[in-house]
Structure formats: C-alpha cells, structure tokens
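Open the model in your viewer with side chains shown as sticks, and follow the selections below in order.

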Amino acid sequence: MITIKTRAEIEKMHAAGRVVENTLKLLERSIRVGISTEALNKLAHEYILSQGATPSFLGYNGYPKSVCLSVNDEVVHGIPNSRKLKDGDIISCDVGAILDGWHGDAARTFLVGNVDEATKKLVEVTRECFFEGLKFCKEGYRISDISAAVERHAEKHGYGVVKDLVGHGIGREMHEEPEVPNYETPRARQRLRAGMTIAIEPMINMGTWKVWQLSDGWTVTTQDGKPSAHYENTVAITEGEPIILTCSEEIS
Ligand code: MF3
Ligand code: CO
C-alpha cells in the first residue's frame, strides 16, 4: 500500500530531512585523508542525537552502525570500521534519521583529496541522474518515468546501473511502497500522486552493473572492482513542483 501524506506530515518529514542534510554536510566537512570511517560514523551518530533525532539505520535488520559509508568499489551499505581514507578515494555517505516518528533518508558521494577525472565524472553524473529522475516527480507520471530517466542518463555515459537495490517509498517507515528502481521495468507502473514521498537513489557503476554482496552480510561491491557512486534524496510529490526534503540548495 502506498501511503499519502498530508501537508503537515510532509512538513514533519522535512524536519527529519533537514537533520539528514545537515549530517551529510557535517560528514563532508569532516572528510579528509587519514580519517577512519568509524570516526565519521561517530560524528554522524552524535550529531543526529544532538538534534533530538534517532539514526534509523542503527539496528535496522541488525545493521551495527548509524550510517553507511562505502568507499570506491563499495556500492552501498559499507559498515564503518578502522579503514582510513586515502588521497583519491571517493566515499558514499548514506544517512537516515527519524524525528517525531518520521523518516528522512539521503546519500552523497564525496571526494577525498585529488580524485582522477574519470571518477569525478562518475560522481557528477550520478548526481545528475537524480535530477533527471526528479523532472518526472509530478502527478500523472509513473514511477517508471523516473526509473527510465535515471537509466537513460547513466547509459548515455556508458555506466552500469545497479539493479539489485532500488529506491523506495518512505514516511513512518524507512522502506515503504512503492519500489523506485533505477532502470525501466513494467513493475514500476504506479502513478505519482500528490502526498507520495519517495527516496530516489541512483547507484551508478563506472563499469559493470553487476555487484557482489560481501560475507559481512551488508557491504555491496562492484564485481569488476571499478568505482561506484550513490546520490539520494527524499522527495515529496505535490500538486505542483516536487519538494526535496533532504536538500535545501537550489541545484540541478
Ligand atoms: N539508506 C538505505 C536505503 O536507502 C538503507 C540503509 S540499510 C541500513 O534504503 F541497514 F543501513 F539501514
Ligand atoms: Co534509501
């Protein structure tokens, strides 16, 4: 069942979204050569609590940390550990918070020091993929229009679109219906309606779309060892333009 949120409920999700956005900004400011992903997790955890919110990933299906930090060929769900960031790495930061019973969920991929041009391009195109999808976040379009737009933009650059993981509805739960795939599929035929809230999250690989699930039960990596980028926002569908609940900058 797809839940429709009222204006007031979307405002509560926006408040949760601001905590997520500010946590991502804190991570961006803190990222530097030599810092461990564990240290970044601790900063995020403490910031979320300081805002009166709860890190939604902690304990979710047994997930052991507060955020997901995925480096280079790690696609998503990297578990923070003693790994130290190196010059030229990219790090995908995925953050979720619950405030007043409502969820926000977003991800960014940040550069560590001097990153090669090809990898920078991957990070930039992954962000663009989200905004291509956003163009279809209006009443009357279908989820599959978002999916197709994301896929089209990634494939234009010869990148692999991850298929094993998808975006999702979000609200009182982190994962609600519908699924929001980053590739065209007849499953995504639901029509968008005002009051729907969804997380759109392109996961784009420089090489093959194929991924492995590591034996830690969480970390997803590319099969060819090439880098992967992730960009996600929580979005509210309205009668007019969509509202990005986890990003206040006017960018596209
Ligand atoms: N943020 C992820 C998503 O978009 C979920 C993270 S899985 C968790 O669906 F276990 F870390 F919570
Ligand atoms: Co998500």
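Contact here means heavy atoms within 4.5 Å. The model is predicted, so local features need pLDDT of at least 70 and side-chain atom pairs count only at pLDDT 80 or more, whereas totals for chains, interfaces and linings use all residues. Residues are numbered from 1 along each chain as its sequence is written, chains are lettered from A and ligands numbered from 1 in the order in which they are written, and side-chain values use heavy atoms, with hydrogens and water left out.

Begin by selecting Val95 and, leaving aside its neighbours within four places in sequence, display its contacts, which are Val20, Thr23, Leu24, Leu27, Ile48, Phe57, Val67, Gly104, Asp105 and Ala106.

Widen the selection next to the largest nonpolar core, which has 23 residues, with Ile31, Leu40, Leu85, Ile91, Cys93 and Val95 making the most contacts inside it. Such a core is a set of buried Ala, Val, Leu, Ile, Met, Phe, Trp, Tyr and Cys residues joined through side-chain atoms within 4.5 Å, where buried means under 20% relative accessible area (1.4 Å probe, protein chains only). Two or more residues of this core come from each of α1 (7–30), α2 (37–50), β2 (67–71), β4 (90–99) and β5 (102–111); helices (H or I, at least four residues) and strands (E, at least two) are DSSP runs, numbered from the N terminus. Apart from this core lies another, of 17 residues, including Val180, Ile198, Tyr231 and Cys247.

Now select Phe130, Phe131 and Tyr231, which ring pairs link into a cluster. Rings of Phe, Tyr and Trp (its six-membered ring) pair if their centres lie within 6.5 Å, with planes under 30 degrees apart counted as stacked, over 60 as edge-to-face and the rest as tilted. Phe130 and Tyr231, with ring centres 5.5 Å apart and planes at 50°, are therefore a tilted pair. Because Phe130 lies in helix α3 (residues 117–134) and Tyr231 in the loop between β13 (228–230) and β14 (233–236), the pair ties together parts that are 101 residues apart in sequence. Phe131 and Tyr231 also form a tilted pair, at 6.1 Å centre to centre and 50° between the planes, and both of these residues are buried.

Finish at the cobalt ion (ligand 2), whose protein donors Asp105 (OD), His168 (NE2), Glu201 (OE) and Glu232 (OE) lie 2.1 to 2.3 Å from it. Donors are N, O and S atoms within 2.8 Å of the metal (3.2 Å for Na, K and Ca), and water is not among the atoms, so sites may look incomplete. Both Glu201 and Glu232 are buried.

Technical notes
Buried means under 20% relative accessible area, exposed over 50%, partly exposed in between (1.4 Å probe, protein chains only).
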